[in-house]
Amino acid sequence: RRVREAVVSTQSTGGRVQQRVLLKSPKSRDITGDDEFSVNDQFSSKLFRVKIQTALGSKGESDPERQETRQKVDDDRKHEIEAAIVRIMKARKEHEHNVLITEVTGLLKSRFLPSPSSIKNRIESLIEREYLVRSPNDRKVYMYLA
């Protein structure tokens, strides 16, 4: 079955030598189970857009891989949220909680939509690490510590 999927995939990406995304060895017209395929690094085309679908291997990620990927994405997002908070607070020096959450969401919405609870957690983390402090007069106001 895998050989058949490879044949269909390879034949659809075949074409002229200049257009070949995949290279086959040994060079022959027929495809057998012993054939090896490699990516043509010299391929480039302004006229053709190529979309390669993986026909071989597992379909998607396994659960541990999915969890690991999710964890890495969450870690990256934590850093992005913190960077956005610090960027805003550096410019404003003092900010009210709800306005800060709105600005952070607006700043990051082109990349991803952060939840208000994740923003609040990152604010708490920045307070613990002494980047921010709550105003002594109003607990809803944060002040940036340079």
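Salt bridges and burial around helix H2

Trainee: Lys72 forms a salt bridge with Glu68; what makes this pair a salt bridge?

Mentor: The closest N and O atoms of Lys72 and Glu68 are 3.4 Å apart, and a salt bridge is defined as a side-chain nitrogen of Lys or Arg within 4 Å of a carboxyl oxygen of Asp or Glu, so the pair qualifies. This is a predicted model, in which local features need pLDDT of at least 70 and side-chain atom pairs count only at pLDDT 80 or more, while totals for chains, interfaces and linings use all residues. Residues are numbered from 1 along each chain as its sequence is written, and side-chain values use heavy atoms, with hydrogens and water left out.

Trainee: Why is Glu68 called partly exposed?

Mentor: Its relative accessibility is 46%, and partly exposed lies between buried (under 20% relative accessible area) and exposed (over 50%), with a 1.4 Å probe and protein chains only, so Glu68 falls in the middle class.

Trainee: What makes Arg70 and Asp74 a salt bridge, and where do they lie?

Mentor: Their closest N and O atoms are 3.8 Å apart, which the same cut-off admits, so they count as a salt bridge. Arg70 and Asp74 are four residues apart in helix H2, about one helical turn; helices (H or I, at least four residues) are DSSP runs, numbered from the N terminus.

Trainee: How do you know that H2 has close to its expected span?

Mentor: The expected span is 1.5 Å times one less than the number of residues; H2 (residues 63–92) has 30 residues, and its 43 Å from first C-alpha to last is close to the 44 Å expected.

Terms used:
Helices (H or I, at least four residues) and strands (E, at least two) are DSSP runs, numbered from the N terminus.
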